Amino acid sequence: MKQLTKAEEDIMQILWDLAEANVASIIEQLPEPKPAYNTVSTIVRILESKDFVDYRKEGRGHVYYPKVKKTEYSSQSLNKLMDGYFQGSFKSMVSFFMKKNDISIQEMEVIMKEINSEKTEK
């Protein structure tokens with residue numbers, strides 16, 4: 001799976017939230033200052049060429065929708081982060097974020113309980 005630029009990822013976040021949208025609807029969701037219509041349209045076409053987005057024709061325009069699930073992309077991005085900065089070690093990555101975000105042992109225990117309960121539910 002290809003990596004997205006910050007602008008592409010911003011558009012994908014909107015499409016994941018909305019499930020489908022035309023360019024005008026995407027622009028509405030973006031913060032001020034709003035980018036030009038052509039800019040967003042170009043980014044959406046790039047996402048289409050990267051096989052992240054597809055569309056259906058509606059009237060004279062297109063309605064875009066994600067082809068890649070957010071969880072798929074998140075998992076791939078997390079693995080890339082872990083491989084690139086933590087030599088593939090999940091333990092090193094968690095340790096880094098615990099120290100950086102000053103997570104207490106109690107908070108970590110709560111996180112571990114949540115992870116374990118999700119595992120048992122599957």
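Here are three short exercises on aromatic pairs and the nonpolar core, with solutions.

This is a predicted model, so local features need pLDDT of at least 70 and side-chain atom pairs count only at pLDDT 80 or more, while totals for chains, interfaces and linings use all residues. Residues are numbered from 1 along each chain as its sequence is written, and side-chain values use heavy atoms, leaving out hydrogens and water.

**Exercise 1.** Classify the ring pair of tyrosine 55 and tyrosine 64.

Start with the cut-offs: rings of Phe, Tyr and Trp (its six-membered ring) pair if their centres lie within 6.5 Å, and planes under 30 degrees apart are stacked, over 60 edge-to-face, the rest tilted. Here the centres sit 6.0 Å apart with planes at 55°, so the pair is tilted. The structure holds six aromatic pairs.

**Exercise 2.** Work out whether tyrosine 55 and tyrosine 64 are buried or exposed.

Buried means under 20% relative accessible area, exposed over 50%, and partly exposed in between (1.4 Å probe, protein chains only). Tyrosine 55 comes in at 33%, so call it partly exposed. Tyrosine 64 has just 6%, so that one is buried.

**Exercise 3.** Find the residues with the most contacts inside the largest nonpolar core.

First, the term: a nonpolar core is a set of buried Ala, Val, Leu, Ile, Met, Phe, Trp, Tyr and Cys residues joined through side-chain atoms within 4.5 Å. The largest one has 20 residues, and Ile11 and Ile26 have the most contacts inside it. Next, look around isoleucine 11: skipping neighbours within four places in sequence, its contacts (heavy atoms within 4.5 Å) are Ile26, Leu30, Val40, Ile43, Val44 and Leu47.
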